[in-house]
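Student: Could you take me through the ligand site of this model in detail? I would like to know what surrounds the ligand and what touches it.

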Amino acid sequence: SVKAGIVGLPNVGKSTLFNAVVENGKAQAANFPFCTIEPNVGIVAVPDPRLSILSQLSKSHRVVPASIEFVDIAGLVKGASQGEGLGNKFLSHIREVDSILQVVRCFEDNDIVHVNGKIDPKSDIDVINLELIFSDLDQIDKRLEKVRKGKAKDAQSKLKEETERSALEKIQKLLMDGKPARSVPLTDFEKDSIRHLCLLTMKPIIYVANVAETDLSEPSSNPHVREVLRLASELQSGLVSISAQVESELTELPLEERIEYLKSLGVSESGLGNLIRETYDLLGLRTYFTSGEKETKAWTILAGMTAPQAAGVIHSDFEKGFIRAETVSYDDFVAAGSLAAAREKGLLRSEGKEYVVQEGDVMLFRFNV
Ligand code: GDP
(Lines give C-alpha, C1' and ligand atoms only; values in the text may rest on other atoms or scores of the structure.)
Protein backbone atom coordinates (compact mmCIF):
# COMPACT_ATOMS: atom_id res chain seq x y z
CA SER A 1 0.00 0.00 0.00
CA VAL A 2 0.93 3.66 -0.22
CA LYS A 3 3.32 4.86 2.48
CA ALA A 4 3.26 8.35 3.97
CA GLY A 5 5.87 9.42 6.51
CA ILE A 6 4.90 11.86 9.24
CA VAL A 7 7.70 14.31 10.10
CA GLY A 8 7.94 17.60 11.97
CA LEU A 9 9.72 19.36 14.78
CA PRO A 10 9.15 18.22 18.36
CA ASN A 11 5.90 19.32 20.04
CA VAL A 12 3.98 20.11 16.88
CA GLY A 13 1.44 17.30 17.34
CA LYS A 14 2.98 14.41 15.36
CA SER A 15 2.40 11.69 17.93
CA THR A 16 -1.08 12.97 18.64
CA LEU A 17 -1.91 12.70 14.94
CA PHE A 18 -0.15 9.37 14.52
CA ASN A 19 -1.93 7.84 17.51
CA ALA A 20 -5.25 8.97 16.11
CA VAL A 21 -4.32 7.22 12.86
CA VAL A 22 -3.45 4.02 14.74
CA GLU A 23 -6.67 4.09 16.79
CA ASN A 24 -8.64 4.61 13.61
CA GLY A 25 -6.86 1.68 12.02
CA LYS A 26 -7.61 -0.51 15.02
CA ALA A 27 -11.29 0.40 14.89
CA GLN A 28 -11.40 -0.50 11.20
CA ALA A 29 -9.40 -3.67 11.70
CA ALA A 30 -12.50 -5.23 13.24
CA ASN A 31 -14.18 -4.92 9.83
CA PHE A 32 -11.29 -5.14 7.42
CA PRO A 33 -8.61 -7.75 6.96
CA PHE A 34 -5.55 -5.71 7.85
CA CYS A 35 -2.23 -7.05 8.90
CA THR A 36 -0.73 -6.33 12.28
CA ILE A 37 0.41 -2.84 13.04
CA GLU A 38 4.05 -2.18 13.85
CA PRO A 39 4.89 0.33 16.56
CA ASN A 40 5.67 3.14 14.14
CA VAL A 41 3.30 2.10 11.36
CA GLY A 42 -0.44 2.74 11.32
CA ILE A 43 -2.65 1.44 8.53
CA VAL A 44 -6.00 3.01 7.68
CA ALA A 45 -8.55 2.30 5.01
CA VAL A 46 -9.06 4.86 2.27
CA PRO A 47 -12.68 5.96 2.72
CA ASP A 48 -14.62 5.39 -0.49
CA PRO A 49 -18.44 5.46 -0.53
CA ARG A 50 -18.47 3.65 -3.90
CA LEU A 51 -17.30 0.45 -2.20
CA SER A 52 -20.44 -0.19 -0.20
CA ILE A 53 -22.67 0.53 -3.21
CA LEU A 54 -20.74 -1.88 -5.41
CA SER A 55 -20.71 -4.55 -2.74
CA GLN A 56 -24.48 -4.28 -2.26
CA LEU A 57 -25.07 -4.62 -5.99
CA SER A 58 -22.70 -7.59 -6.26
CA LYS A 59 -23.92 -9.10 -2.97
CA SER A 60 -20.28 -9.40 -1.95
CA HIS A 61 -19.33 -11.33 1.18
CA ARG A 62 -16.70 -8.80 2.08
CA VAL A 63 -15.38 -5.37 1.24
CA VAL A 64 -11.67 -4.62 1.01
CA PRO A 65 -10.83 -0.92 0.82
CA ALA A 66 -7.53 0.46 -0.38
CA SER A 67 -5.23 1.26 2.49
CA ILE A 68 -2.60 3.80 3.30
CA GLU A 69 0.30 3.32 5.68
CA PHE A 70 1.36 6.14 7.95
CA VAL A 71 4.89 5.89 9.28
CA ASP A 72 5.83 7.92 12.34
CA ILE A 73 9.27 9.38 11.69
CA ALA A 74 9.97 11.12 14.96
CA GLY A 75 13.43 12.48 15.58
CA LEU A 76 13.94 14.44 12.41
CA VAL A 77 15.43 17.46 14.13
CA LYS A 78 17.97 20.13 13.38
CA GLY A 79 21.28 18.35 12.80
CA ALA A 80 19.72 15.03 11.80
CA SER A 81 21.58 14.97 8.48
CA GLN A 82 24.84 15.37 10.41
CA GLY A 83 24.01 12.16 12.20
CA GLU A 84 23.24 13.92 15.46
CA GLY A 85 21.44 11.54 17.78
CA LEU A 86 19.55 8.98 15.80
CA GLY A 87 18.99 11.36 12.91
CA ASN A 88 20.46 9.23 10.18
CA LYS A 89 18.33 6.26 11.06
CA PHE A 90 15.24 8.43 10.74
CA LEU A 91 16.37 9.77 7.42
CA SER A 92 16.72 6.22 6.14
CA HIS A 93 13.08 5.61 7.16
CA ILE A 94 12.05 8.56 5.04
CA ARG A 95 13.76 7.04 2.00
CA GLU A 96 11.17 4.27 2.00
CA VAL A 97 8.03 6.42 1.95
CA ASP A 98 6.09 7.60 -1.11
CA SER A 99 5.23 10.96 0.36
CA ILE A 100 6.12 13.12 3.33
CA LEU A 101 3.58 14.70 5.63
CA GLN A 102 5.11 17.52 7.60
CA VAL A 103 3.07 18.55 10.61
CA VAL A 104 3.43 22.29 11.17
CA ARG A 105 2.27 23.79 14.42
CA CYS A 106 -0.32 26.51 13.91
CA PHE A 107 -2.02 26.30 17.30
CA GLU A 108 -1.14 28.62 20.15
CA ASP A 109 -0.77 27.10 23.59
CA ASN A 110 1.49 28.68 26.16
CA ASP A 111 1.71 25.43 28.11
CA ILE A 112 3.31 23.60 25.21
CA VAL A 113 6.81 24.78 24.49
CA HIS A 114 7.81 25.40 20.93
CA VAL A 115 11.40 24.26 20.29
CA ASN A 116 12.26 27.64 18.81
CA GLY A 117 10.34 29.65 21.36
CA LYS A 118 7.53 30.79 19.09
CA ILE A 119 5.08 29.59 16.45
CA ASP A 120 6.83 30.19 13.17
CA PRO A 121 5.74 27.95 10.29
CA LYS A 122 8.33 29.34 7.88
CA SER A 123 11.22 28.55 10.17
CA ASP A 124 9.77 25.08 10.98
CA ILE A 125 9.44 24.28 7.30
CA ASP A 126 12.91 25.65 6.52
CA VAL A 127 14.55 23.57 9.24
CA ILE A 128 13.08 20.32 7.97
CA ASN A 129 13.72 21.18 4.32
CA LEU A 130 17.34 21.98 5.09
CA GLU A 131 17.85 18.64 6.81
CA LEU A 132 16.39 16.84 3.81
CA ILE A 133 18.54 18.90 1.45
CA PHE A 134 21.74 18.24 3.45
CA SER A 135 21.04 14.55 3.44
CA ASP A 136 20.46 14.53 -0.34
CA LEU A 137 23.59 16.61 -0.97
CA ASP A 138 25.61 14.15 1.04
CA GLN A 139 24.28 11.25 -1.01
CA ILE A 140 24.80 13.05 -4.29
CA ASP A 141 28.41 13.93 -3.42
CA LYS A 142 29.18 10.28 -2.75
CA ARG A 143 27.42 9.09 -5.86
CA LEU A 144 29.01 11.71 -8.12
CA GLU A 145 32.43 10.66 -6.96
CA LYS A 146 31.69 7.12 -8.13
CA VAL A 147 29.99 8.09 -11.39
CA ARG A 148 32.77 10.52 -12.33
CA LYS A 149 35.31 7.73 -12.18
CA GLY A 150 33.62 6.44 -15.35
CA LYS A 151 33.86 2.69 -14.85
CA ALA A 152 31.40 1.89 -17.65
CA LYS A 153 32.79 -0.47 -20.32
CA ASP A 154 30.37 -0.52 -23.25
CA ALA A 155 28.61 2.32 -25.05
CA GLN A 156 25.26 1.65 -23.46
CA SER A 157 26.55 1.76 -19.88
CA LYS A 158 28.59 4.84 -20.76
CA LEU A 159 25.43 6.58 -21.90
CA LYS A 160 23.66 5.57 -18.70
CA GLU A 161 26.52 6.84 -16.60
CA GLU A 162 26.56 10.10 -18.51
CA THR A 163 22.80 10.58 -18.02
CA GLU A 164 23.09 9.99 -14.30
CA ARG A 165 26.04 12.33 -13.96
CA SER A 166 24.20 15.11 -15.73
CA ALA A 167 21.09 14.58 -13.55
CA LEU A 168 23.16 14.57 -10.36
CA GLU A 169 24.98 17.76 -11.31
CA LYS A 170 21.73 19.57 -12.11
CA ILE A 171 20.20 18.53 -8.80
CA GLN A 172 23.32 19.35 -6.82
CA LYS A 173 23.28 22.89 -8.17
CA LEU A 174 19.69 23.56 -7.10
CA LEU A 175 20.08 21.86 -3.73
CA MET A 176 22.97 24.23 -3.01
CA ASP A 177 20.55 27.09 -3.70
CA GLY A 178 18.24 25.59 -1.08
CA LYS A 179 15.76 24.20 -3.62
CA PRO A 180 14.33 20.66 -3.50
CA ALA A 181 15.29 18.05 -6.12
CA ARG A 182 11.66 17.81 -7.28
CA SER A 183 11.92 21.37 -8.60
CA VAL A 184 14.70 20.41 -11.04
CA PRO A 185 13.53 19.93 -14.63
CA LEU A 186 14.82 16.50 -15.72
CA THR A 187 14.25 14.31 -18.75
CA ASP A 188 12.54 10.97 -18.19
CA PHE A 189 15.88 9.21 -18.71
CA GLU A 190 17.52 11.42 -16.11
CA LYS A 191 14.68 10.80 -13.67
CA ASP A 192 15.04 7.04 -14.13
CA SER A 193 18.80 7.23 -13.72
CA ILE A 194 18.62 8.66 -10.20
CA ARG A 195 15.53 6.83 -8.95
CA HIS A 196 17.72 4.29 -7.14
CA LEU A 197 18.98 7.03 -4.80
CA CYS A 198 15.46 7.63 -3.38
CA LEU A 199 16.30 11.30 -2.84
CA LEU A 200 14.30 12.78 0.02
CA THR A 201 13.61 16.13 -1.61
CA MET A 202 12.25 14.33 -4.67
CA LYS A 203 9.31 13.09 -2.64
CA PRO A 204 6.09 15.07 -2.65
CA ILE A 205 5.35 16.89 0.60
CA ILE A 206 2.02 17.71 2.14
CA TYR A 207 2.03 20.29 4.88
CA VAL A 208 -0.34 19.42 7.66
CA ALA A 209 -1.29 22.62 9.45
CA ASN A 210 -2.16 21.58 12.98
CA VAL A 211 -4.74 24.15 14.08
CA ALA A 212 -6.75 24.77 17.21
CA GLU A 213 -10.24 23.26 17.17
CA THR A 214 -11.72 26.77 17.07
CA ASP A 215 -9.96 27.36 13.73
CA LEU A 216 -11.17 24.15 12.09
CA SER A 217 -14.23 25.61 10.40
CA GLU A 218 -12.20 28.39 8.82
CA PRO A 219 -8.49 27.57 8.96
CA SER A 220 -7.48 30.47 6.72
CA SER A 221 -8.60 32.92 9.40
CA ASN A 222 -5.40 31.86 11.18
CA PRO A 223 -2.41 33.87 9.88
CA HIS A 224 -0.03 30.91 10.48
CA VAL A 225 -2.16 28.77 8.18
CA ARG A 226 -2.07 31.48 5.54
CA GLU A 227 1.72 31.46 5.82
CA VAL A 228 1.86 27.67 5.40
CA LEU A 229 -0.47 27.97 2.41
CA ARG A 230 1.82 30.54 0.81
CA LEU A 231 4.88 28.34 1.37
CA ALA A 232 3.10 25.21 0.19
CA SER A 233 2.19 26.78 -3.12
CA GLU A 234 5.69 28.20 -3.50
CA LEU A 235 7.14 24.72 -2.93
CA GLN A 236 4.51 23.05 -5.15
CA SER A 237 3.24 21.10 -2.20
CA GLY A 238 -0.14 20.27 -0.75
CA LEU A 239 -1.77 21.60 2.39
CA VAL A 240 -4.30 20.07 4.74
CA SER A 241 -5.56 21.77 7.88
CA ILE A 242 -6.26 19.40 10.70
CA SER A 243 -6.60 19.48 14.45
CA ALA A 244 -4.55 16.59 15.78
CA GLN A 245 -6.27 17.06 19.12
CA VAL A 246 -9.74 16.74 17.57
CA GLU A 247 -8.66 13.66 15.57
CA SER A 248 -7.45 12.10 18.77
CA GLU A 249 -10.66 12.96 20.65
CA LEU A 250 -12.76 11.58 17.79
CA THR A 251 -11.23 8.14 18.15
CA GLU A 252 -12.52 8.00 21.73
CA LEU A 253 -16.11 8.72 20.76
CA PRO A 254 -18.65 6.16 19.55
CA LEU A 255 -19.24 6.49 15.79
CA GLU A 256 -22.69 8.06 16.13
CA GLU A 257 -21.35 10.84 18.36
CA ARG A 258 -18.49 11.74 16.07
CA ILE A 259 -20.68 13.46 13.49
CA GLU A 260 -22.34 15.53 16.23
CA TYR A 261 -18.98 16.57 17.62
CA LEU A 262 -17.69 17.55 14.20
CA LYS A 263 -20.87 19.52 13.56
CA SER A 264 -20.38 21.41 16.81
CA LEU A 265 -16.97 22.48 15.47
CA GLY A 266 -18.52 23.59 12.19
CA VAL A 267 -17.07 20.85 9.99
CA SER A 268 -18.70 17.88 8.28
CA GLU A 269 -15.96 15.26 8.34
CA SER A 270 -12.78 14.24 10.09
CA GLY A 271 -9.52 15.68 8.78
CA LEU A 272 -8.05 12.24 8.26
CA GLY A 273 -10.22 11.64 5.20
CA ASN A 274 -9.03 14.92 3.76
CA LEU A 275 -5.42 14.02 4.43
CA ILE A 276 -5.82 10.67 2.68
CA ARG A 277 -7.52 12.25 -0.34
CA GLU A 278 -4.84 14.93 -0.60
CA THR A 279 -2.13 12.25 -0.47
CA TYR A 280 -3.87 10.35 -3.28
CA ASP A 281 -4.18 13.50 -5.38
CA LEU A 282 -0.62 14.62 -4.85
CA LEU A 283 0.76 11.20 -5.74
CA GLY A 284 -1.45 10.97 -8.81
CA LEU A 285 -3.12 7.80 -7.56
CA ARG A 286 -6.25 6.27 -9.04
CA THR A 287 -8.64 3.59 -7.88
CA TYR A 288 -10.18 0.76 -9.82
CA PHE A 289 -12.45 -1.95 -8.48
CA THR A 290 -13.01 -5.65 -8.74
CA SER A 291 -16.48 -6.65 -7.63
CA GLY A 292 -18.10 -10.06 -7.33
CA GLU A 293 -19.87 -12.30 -4.87
CA LYS A 294 -16.66 -13.15 -3.05
CA GLU A 295 -15.56 -9.58 -2.50
CA THR A 296 -15.60 -6.00 -3.67
CA LYS A 297 -12.14 -4.58 -3.57
CA ALA A 298 -10.48 -1.23 -4.30
CA TRP A 299 -7.07 -1.31 -5.98
CA THR A 300 -4.63 1.58 -6.10
CA ILE A 301 -2.74 2.38 -9.29
CA LEU A 302 -0.81 5.30 -10.73
CA ALA A 303 -2.59 7.57 -13.18
CA GLY A 304 -1.83 6.42 -16.71
CA MET A 305 -1.34 2.72 -15.95
CA THR A 306 -2.47 0.36 -18.69
CA ALA A 307 -4.77 -2.61 -18.13
CA PRO A 308 -1.93 -5.17 -17.85
CA GLN A 309 -0.06 -2.95 -15.37
CA ALA A 310 -3.23 -2.53 -13.33
CA ALA A 311 -3.72 -6.29 -13.40
CA GLY A 312 -0.15 -6.65 -12.16
CA VAL A 313 -1.13 -4.84 -8.96
CA ILE A 314 -3.31 -7.84 -8.12
CA HIS A 315 -0.70 -10.42 -9.13
CA SER A 316 2.35 -10.35 -11.36
CA ASP A 317 0.99 -13.44 -13.20
CA PHE A 318 -2.04 -11.38 -14.22
CA GLU A 319 0.26 -8.93 -15.95
CA LYS A 320 2.44 -11.56 -17.62
CA GLY A 321 -0.47 -13.62 -18.90
CA PHE A 322 -2.79 -10.69 -19.66
CA ILE A 323 -5.17 -11.33 -22.56
CA ARG A 324 -7.83 -8.64 -22.18
CA ALA A 325 -9.91 -6.82 -19.60
CA GLU A 326 -13.64 -6.56 -19.42
CA THR A 327 -14.42 -3.20 -18.00
CA VAL A 328 -17.30 -0.91 -17.15
CA SER A 329 -17.26 2.51 -15.56
CA TYR A 330 -18.52 2.81 -11.99
CA ASP A 331 -21.50 4.94 -13.09
CA ASP A 332 -22.50 2.47 -15.82
CA PHE A 333 -22.17 -0.43 -13.41
CA VAL A 334 -24.46 1.28 -10.89
CA ALA A 335 -26.96 2.31 -13.60
CA ALA A 336 -27.11 -1.26 -14.93
CA GLY A 337 -27.26 -2.76 -11.45
CA SER A 338 -24.85 -5.66 -11.98
CA LEU A 339 -22.00 -6.88 -14.14
CA ALA A 340 -24.34 -9.27 -15.95
CA ALA A 341 -26.85 -6.49 -16.65
CA ALA A 342 -24.04 -4.21 -17.83
CA ARG A 343 -22.94 -6.95 -20.22
CA GLU A 344 -26.49 -7.37 -21.59
CA LYS A 345 -26.79 -3.65 -22.17
CA GLY A 346 -23.48 -3.59 -24.01
CA LEU A 347 -21.89 -1.36 -21.35
CA LEU A 348 -19.17 -3.87 -20.58
CA ARG A 349 -16.25 -3.16 -22.92
CA SER A 350 -13.53 -5.57 -23.90
CA GLU A 351 -10.22 -3.74 -23.69
CA GLY A 352 -6.74 -4.78 -24.76
CA LYS A 353 -3.15 -4.21 -23.67
CA GLU A 354 -3.10 -0.50 -24.57
CA TYR A 355 -6.14 0.47 -22.53
CA VAL A 356 -5.41 3.12 -19.90
CA VAL A 357 -7.43 2.30 -16.80
CA GLN A 358 -9.77 5.11 -15.74
CA GLU A 359 -10.71 6.24 -12.24
CA GLY A 360 -13.55 4.08 -10.93
CA ASP A 361 -13.36 1.37 -13.61
CA VAL A 362 -14.77 -1.97 -12.54
CA MET A 363 -12.48 -4.58 -14.06
CA LEU A 364 -12.50 -8.26 -14.82
CA PHE A 365 -9.22 -9.62 -16.16
CA ARG A 366 -8.79 -12.50 -18.61
CA PHE A 367 -5.35 -14.02 -18.52
CA ASN A 368 -3.30 -17.13 -19.31
CA VAL A 369 -1.47 -18.89 -16.54
P1 GDP B 1 5.22 15.69 18.78
O2 GDP B 1 6.41 15.95 19.62
O3 GDP B 1 5.26 16.48 17.52
O4 GDP B 1 4.91 14.28 18.56
O5 GDP B 1 3.98 16.36 19.57
P6 GDP B 1 2.84 15.68 20.44
O7 GDP B 1 1.83 15.03 19.57
O8 GDP B 1 3.44 14.86 21.52
O9 GDP B 1 2.17 16.98 21.04
C10 GDP B 1 2.87 17.85 21.91
C11 GDP B 1 1.86 18.48 22.85
O12 GDP B 1 0.97 19.31 22.11
C13 GDP B 1 1.00 17.45 23.56
O14 GDP B 1 0.83 17.88 24.88
C15 GDP B 1 -0.32 17.50 22.80
O16 GDP B 1 -1.41 17.17 23.62
C17 GDP B 1 -0.37 18.94 22.36
N18 GDP B 1 -1.13 19.11 21.12
C19 GDP B 1 -1.08 18.38 19.98
N20 GDP B 1 -1.93 18.85 19.07
C21 GDP B 1 -2.56 19.90 19.64
C22 GDP B 1 -3.57 20.81 19.19
O23 GDP B 1 -4.11 20.71 18.07
N24 GDP B 1 -3.94 21.79 20.09
C25 GDP B 1 -3.40 21.90 21.35
N26 GDP B 1 -3.79 22.88 22.15
N27 GDP B 1 -2.46 21.05 21.78
C28 GDP B 1 -2.05 20.06 20.95
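Tutor: Happy to! Keep in mind that this is a predicted model. A good place to start is threonine 16, where an N or O atom of the side chain is 2.5 Å from an oxygen atom of the ligand. Serine 15 also brings a polar side-chain atom to the ligand, 2.4 Å from one of its oxygen atoms. Valine 12 takes part through its backbone: an N or O atom there lies 3.1 Å from a ligand oxygen atom. As for cover, the ligand on its own has 570 Å² of accessible area, and the protein covers 75% of that.

Now step back to the whole shell. There are 16 residues around the ligand, and those that come nearest are Asn11, Val12, Lys14, Ser15 and Thr16. Sorted by class, the shell holds 7 nonpolar, 7 polar and 2 charged residues. Two helices, α1 (14-29) and α8 (244-251), each supply at least two residues of this shell. The biggest share comes from α1, with 3 residues.

The other helix, α8, deserves a look of its own. Its buried residues are Ala244, Val246, Glu247, Leu250 and Thr251. These residues lie on the same side of α8, because they cover an arc of only 165° around the axis. The general rule behind such a pattern is that an α-helix has 3.6 residues a turn, so residues three or four places apart point the same way.

Conventions
Residues are numbered from 1 along each chain as its sequence is written. This is a predicted model: local features need pLDDT of at least 70, side-chain atom pairs count only at pLDDT 80 or more; totals for chains, interfaces and linings use all residues. Side-chain values use heavy atoms; hydrogens and water are left out. A residue is near a molecule or strand if one of its heavy atoms lies within 4 Å of it. A polar contact is a pair of N or O atoms within 3.5 Å; within protein, one must be able to donate a hydrogen and the other to accept it, and residues adjacent in sequence count only if both atoms are side-chain atoms. Accessible areas come from the Shrake-Rupley method with a 1.4 Å probe; for residues, only the protein chains shown count as cover. Helices (H or I, at least four residues) and strands (E, at least two) are DSSP runs, numbered from the N terminus. Ala, Val, Leu, Ile, Met, Phe, Trp, Tyr, Cys and Pro count as nonpolar, Asp, Glu, Lys and Arg as charged, and the others, Gly among them, as polar. Buried means under 20% relative accessible area, exposed over 50%, partly exposed in between (1.4 Å probe, protein chains only). The arc is that of the directions from the helix axis to the C-beta atoms.
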